[in-house]
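The following exercises concern the chain shown below. Each task is followed by a solution that proceeds step by step.

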Amino acid sequence: MNKTWWIGALLLLTAGSAILLPRLADLESSLRQDRGAVETFSEDSDMVLDDTNLVDAIGTLPLTLTIGSVGWENGVLSLDLMVTGNDHDPEELYRNMAQAVAFAIQDTTNVNQLLLRVVAEDKWTQTRRLLLAGDIRRREWSGELQKELLNTGNRPLSEHLKSSFRISESDLWKNQFISP
């Protein structure tokens with residue numbers, strides 16, 4: 001075979017790969033979207049949470065509730081948000097929960113599970129009572145659920161959101177914050 005045939009074949013192969021490879025990448029990305037697994041990148045999404053930066057990272061969250069306790073072990077972040085006084089409404093509590101979930105799932109790469117509790121604290125009697133508890137897992141999180149939590153307002157949480165984020169509500173929560 002002569003050199004011209006080899007050069008022509010090489011040019012054809014190069015042009016074909018330049019056209020075909022980007023289309024294959026788009027196809028793979030759309031397949032991941034269909035399965036619900038889409039990677040998103042943001043400025044802070046590469047944070048690796050560990051014992052050395054846990055306090056500093058949690059301290060930067062724009063929460064209106066006080067942090068009662070924080071725990072970190074084997075990819076599981078535990079966070080207690082404290083409610084004191086009577087001047088809180090469900091929308092504020094949901095917003096704080098959504099900010100904690102966004103931090104754990106979107107801003108870090110190694111938090112696989114967030115155990116989140118919202119606890120009412122009575123400073124007079126020094127007692128604490130659970131209001132809400134959630135078990136949010138990275139593999140089951142979605143942007144739609146995050147948005148739903150953030151936009152619930154003062155309404156009760158939907159059953160879909162409660163089951164997806166494994167949120168349980170105490171009787172105190174239902175009586176003090178949800179009942180008309």
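**Exercise 1. Determine how many helices and strands the chain has, and in which pattern they follow one another.**

Solution. The model is a predicted one. Counting the elements gives six helices and five strands. Reading along the sequence then yields the pattern α-α-β-β-α-β-β-α-α-β-α. For the chain as a whole, 34% of the 180 residues count as buried. The accessible surface amounts to about 11700 Å², and carbon and sulfur atoms hold 54% of that area. Among contacts between residues at least 6 apart in sequence, 60% join residues at least 24 apart.

**Exercise 2. State the order of the strands in the sheet and identify its edge strands.**

Solution. Step one is the order: the open sheet of five strands runs β1-β2-β3-β4-β5, and its pairing is mixed. Step two is the edges: β1 and β5 (168-169) each pair on one side only, which makes them the edge strands. Step three places the helices. Helix α3 packs on the sheet and touches β2, β3 and β4 (127-137); the direction of α3 makes about 150° with that of β3. Helix α6 lies across β3, β4 and β5, and runs at about 100° to β4.

**Exercise 3. Establish in which sense β2 pairs with β1 and in which sense with β3.**

Solution. Strands of a sheet pair through backbone hydrogen bonds, in either a parallel or an antiparallel sense. Take β1 (residues 66-73) and β2 (residues 76-84) to begin with: they are joined by seven bridges in the antiparallel sense. Within this pairing, I67 stands opposite L81 of β2. The hairpin of β1 and β2 has two residues between the strands, and N74 adopts a positive phi near 50° there.

Turn next to β2 and β3 (residues 113-122), which pair in the parallel sense over nine bridges. Here L79 stands opposite L116 of β3. The connection from β2 to β3 passes through helix α3 (residues 90-106), and this β-α-β crossover is right-handed.

**Exercise 4. Decide whether I58 is buried or exposed, and list its contacts beyond its neighbours within four places in sequence.**

Solution. Locate the residue: I58 lies in helix α2 (residues 54-59). Its relative accessibility is 5%. The cut-off for a buried residue is under 20%, and I58 therefore counts as buried. Apart from its neighbours within four places, I58 is in contact with I67, V70, L77, L79 and F103. One of these partners, L79, is 21 residues away from I58 along the chain, and the C-alpha atoms of I58 and L79 are 9.3 Å apart.

**Exercise 5. Find how many aromatic pairs the structure holds, and classify the pair of W173 and F177 as stacked or edge-to-face.**

Solution. The structure holds two aromatic pairs. For W173 and F177, the ring centres are 4.7 Å apart and the planes meet at 20°. Planes under 30 degrees apart count as stacked, so the pair of W173 and F177 is stacked. Their positions in sequence come next: W173 and F177 are four residues apart in helix α6 (residues 171-178), and so about one helical turn separates them. Both W173 and F177 are buried. Finally, ring pairs link Y94, W173 and F177 into a cluster.

Key. Residues are numbered from 1 along each chain as its sequence is written. This is a predicted model: local features need pLDDT of at least 70, side-chain atom pairs count only at pLDDT 80 or more; totals for chains, interfaces and linings use all residues. Side-chain values use heavy atoms; hydrogens and water are left out. Two strands pair if DSSP finds at least two bridges between them. A crossover is right-handed if, with the strands pointing away from the viewer, the path from the first strand over the helix to the second runs clockwise. Rings of Phe, Tyr and Trp (its six-membered ring) pair if their centres lie within 6.5 Å; planes under 30 degrees apart count as stacked, over 60 as edge-to-face and the rest as tilted. Buried means under 20% relative accessible area, exposed over 50%, partly exposed in between (1.4 Å probe, protein chains only). Contact means heavy atoms within 4.5 Å. Axes are lines fitted to C-alpha atoms, for helices over the stretch in contact, and angles run from 0 to 180 degrees between N-to-C directions. Accessible areas come from the Shrake-Rupley method with a 1.4 Å probe; for residues, only the protein chains shown count as cover.
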